[in-house]
Amino acid sequence: MKISQEITALFRKQIQRNGSLLRLLATGLVVLVIMLVLTGPSRFLSAKSISAMMLQMPELGILTLAVTFALFLGGIDLSVVSTANLSGIIAAMLAVQLSKNGMDSVGVVLLSYAAALAVGCVCGLLNGIVISRTGVPAMLATLGTMEVYKGIGLILTDGSAVTGLPSAYGFLGSASLGSIPLIMIIFVLAIIVAAVTMRRRRFGLEVYLLGTNEKAAEFSGIDHVKVTIKAFVCSGMLAAAAGIISSRVMTAKADYGSSYILQCLLVAILGGISPFGGFGNVAGILIAIVTLQMLSSGFNMLRFSSYQKLAVWGAILILVMVMNYLLEKMRERRNIKKNLRKTQCQN
């Protein structure tokens, strides 16, 4: 009897601690059931369908991680898609040129991928400097750099796609470990590294504190300029990694994935990341991206157009934010009532 009571108490404690995560899991299960009913289990859970989902998730998932670093600071990075595209364009153009010069496949892949990551870091660095040094709100600063990076990409490509890439360049998109695509493994590892960084490393704790209360963070001796720049460099590097992953389509365009920023915000907020900064768990992003991918794949099977899907993403984003607001208000009321009861008992 005593053991069962201890297990029950432990289970209740875990629910209270990870309530948002459990709600997210429940949402994912509901979406899965709905899609199974609408499309049919044999079609939705076929090996081909699951493989397609695992190929599509990492790109959006890593872009969401890039957005998340800015959200933790209480801002937003609207330039991640443009950063990813610009990084992919420069890497693709370099790969085409190197292959024409007769460089071996390994050298082409390594140098082009390194160039993409370098471009992402530079883009993130510029974002961080503008935001931290000038005091311009992150949304406005990255709105401007979004257009700058997109414009540079259009200038470099004359508005057309970069093609003629060597087959080795699409290595990440085609490689797999058993039946699991390599890019899916990379995405999961990126989630783990980001979660450990935010929860176990000084930098992560500084980002949380800065996003929660900038004044308190400054009084604690945290250099907000340094932390902000590092956070946006991480965001830019992750965006570049997403640009590399998009190489699976063997082209690079300046306007690729124009709707991704909306989906990134939806995944992040659904995953429990606060849009006001300082709160959230990176692990929730993995569950959220799986849930959204199931919805997207189901919509494709049901022949939803891209415009219909875009409208649904916007509606879901508003719904999730409203639900989070209402749940937060309910939590505050419960805490107030609990504190009142404690005060009455003490009196």
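A residue is called buried under 20% relative accessible area, exposed over 50%, and partly exposed in between, with a 1.4 Å probe and protein chains only. The model is predicted, so local features need pLDDT of at least 70 and side-chain atom pairs count only at pLDDT 80 or more, whereas totals for chains, interfaces and linings use all residues. Residues are numbered from 1 along each chain as its sequence is written, and side-chain values use heavy atoms, with hydrogens and water left out.

**Exercise 1.** Place Leu156 in its element and assign its exposure class.

*Solution.* Begin with the element: Leu156 belongs to helix H7 (residues 138-157), where helices are DSSP runs of H or I with at least four residues, strands are runs of E with at least two, and both are numbered from the N terminus. Next, take the accessibility: Leu156 counts as partly exposed because its relative accessibility is 38%. Finally, consider a partner remote in sequence: Met93 is 63 residues away from Leu156 along the sequence, while their C-alpha atoms are 9.2 Å apart in space.

**Exercise 2.** Describe the largest cavity by its volume, lining and contributing helices.

*Solution.* On a 1 Å grid over the protein atoms alone, a cavity is a set of points where a 1.4 Å probe fits but cannot get out, a pocket is an open set with protein on both sides within 12 Å along at least five of seven lines, and lining residues have an atom within 4 Å of a point. Grid points are joined across faces, edges and corners, and a volume is the space filled by probe spheres set on the points. The structure has one cavity of 30 Å³ or more, and the largest cavity encloses about 50 Å³. Its lining includes Glu59, Leu63, Asn85, Ser246 and Tyr260. Helices H4 (47-72), H5 (80-100) and H12 (224-245) each supply at least two lining residues, and H5 gives the largest share, three residues.

**Exercise 3.** Characterise the second largest pocket by its volume, the residues closest to its centre and the elements that line it.

*Solution.* The volume of the second largest pocket is about 420 Å³. Of its 19 lining residues, Ser259, Tyr260, Gln263, Ser296 and Lys309 are the closest to the centre. Two or more lining residues come from each of H4, helix H13 (260-270), H14 and H15.

**Exercise 4.** Locate Phe304 and assign its exposure class.

*Solution.* Phe304 sits in the loop between helix H14 (283-301) and helix H15 (306-346). With a relative accessible area of 30%, Phe304 is partly exposed.
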